[in-house]
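Hi everyone, thanks for making the time today. I'd like to walk you through one structure, so please have a look at the screen.

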Amino acid sequence: MVGVNVGINRIYVANDTSNTVSVIDGITNTVVATVPVGSNPWGVGVNASTNCIYVANQASNTTSVIDGLTNTVIATIPVGSNPDEVAVNTNTNRIYVTNRFSNNVSVIDGTTNTVITTIPVGVQPHGVDVNASTNRIYVGNQVNNNVSVIDGTTNTVIATVPVGSWPVGVGVNVRTNRIYVPNLFDVTISVIDGTTNTVIATVPIGARPIGIGANPLTNSIYGASNTNNTVSVIDGTTNTVIATVPVGAGPQGLGVNP
């Protein structure tokens, strides 16, 4: 998967077969470093304020912490079983890791690099994102076909929102307080209103939507379709697909630099 540091224009790509993270310079579009991490890395989250990158290692049941200045691992944090997605609240310096086989979310304190609590969610959570403005965390639960809404202050689930079949990701537009959830088997993206915690629109997209990202400045949402090798561009105002961009084979992760 992919993470972006908007402050220094660096992109971080997890390579699950080589157990590394590639660091890309967003100006030159070249790999400037390769960082060894744990086994089978998948999700990547970035705290632009601290310049720390968090990588979920599925087979190691750990999260690696990379110093963005030195491109070295400065901590390895034990989490739950099969961690696969990561989200960061830059305001609170809290990191959220979904543990797919433990059916919970590990909450990491970015100052101490320790797990401070574990939050039960649905079955096989896969996909997480944060609205730092509201301190809400959104977790897609694949088997339950719903999204858990977590209050970042109390670390409790305050709502459960039904979505489509097999949600596999979550993207948040912090400006509009809209949450976007790709549903793998429905071939749609559910749009959730973060104020009411209800689905307000369902957007048809290409086959097997997986990756999702939002640009809060343009109100554009990007959804990667794994089997037709495209990225759909959604207008966040009209909730319609306005462009389809061919990319490489089998896209999964997606990151946006606003």
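I'll start with the whole chain, then turn to one sheet, and finish with the pockets.

Before anything else, please keep in mind that this is a predicted model.

So, what is the chain built from? The protein chain has 24 strands and zero helices. Along its principal axes, the C-alpha trace spans about 45 × 40 × 30 Å. How does the radius of gyration fit with a compact globule? For 258 residues, such a globule would come out near 18 Å, and the protein chain has 16 Å, so the two agree. As for burial, 55% of the 258 residues are buried, where buried stands for under 20% relative accessible area.

Now let's zoom in on one sheet. It is an open sheet of four strands in the order 13-14-15-16, and the pairing is antiparallel. At the edges sit strand 13 and strand 16, which covers 156-162, and each of these pairs on one side only. From one strand to the next, the twist averages 20°. If you'd like a place to rest your eyes, try strand 15, residues 146-151: with strand 16 it forms an antiparallel pair over six bridges. Within that region, Asn146 stands opposite Pro162 of strand 16.

On to the pockets, which I suspect many of you are waiting for. How much space lies in the largest pocket? The value is about 990 Å³. Its lining is made of 41 residues, and those nearest the centre are Val4, Val88, Asp129, Val172 and Val256. Which strands contribute to that lining? Strand 1 (2-5), strand 5 (41-47), strand 9 (83-89), strand 13 (125-131), strand 17 (171-173) and strand 21 (209-215) each give at least two residues. In terms of chemistry, the lining splits into 24 nonpolar, 15 polar and two charged residues.

The second largest pocket holds about 160 Å³ of space. Here I can read you the full lining: Met1, Val2, Val13, Ala14, Asp16, Pro41, Trp42, Gln252 and Gly253. Strand 2, residues 10-15, supplies at least two of these lining residues, and so does strand 5. You may remember strand 5 from a moment ago, where it supplied at least two residues to the lining of the largest pocket. By class, the second largest pocket is lined by six nonpolar, two polar and one charged residues.

That's my tour, and I'm happy to go back to any part of it with you.

Conventions
Residues are numbered from 1 along each chain as its sequence is written. This is a predicted model: local features need pLDDT of at least 70, side-chain atom pairs count only at pLDDT 80 or more; totals for chains, interfaces and linings use all residues. Side-chain values use heavy atoms; hydrogens and water are left out. On a 1 Å grid over the protein atoms alone, a cavity is a set of points where a 1.4 Å probe fits but cannot get out, and a pocket is an open set with protein on both sides within 12 Å along at least five of seven lines; lining residues have an atom within 4 Å of a point. Grid points are joined across faces, edges and corners, and a volume is the space filled by probe spheres set on the points. Ala, Val, Leu, Ile, Met, Phe, Trp, Tyr, Cys and Pro count as nonpolar, Asp, Glu, Lys and Arg as charged, and the others, Gly among them, as polar. Two strands pair if DSSP finds at least two bridges between them. Axes are lines fitted to C-alpha atoms, for helices over the stretch in contact, and angles run from 0 to 180 degrees between N-to-C directions. The radius of gyration is taken over C-alpha atoms; the globule rule is 2.2 Å times the number of residues to the power 0.38. Buried means under 20% relative accessible area, exposed over 50%, partly exposed in between (1.4 Å probe, protein chains only).
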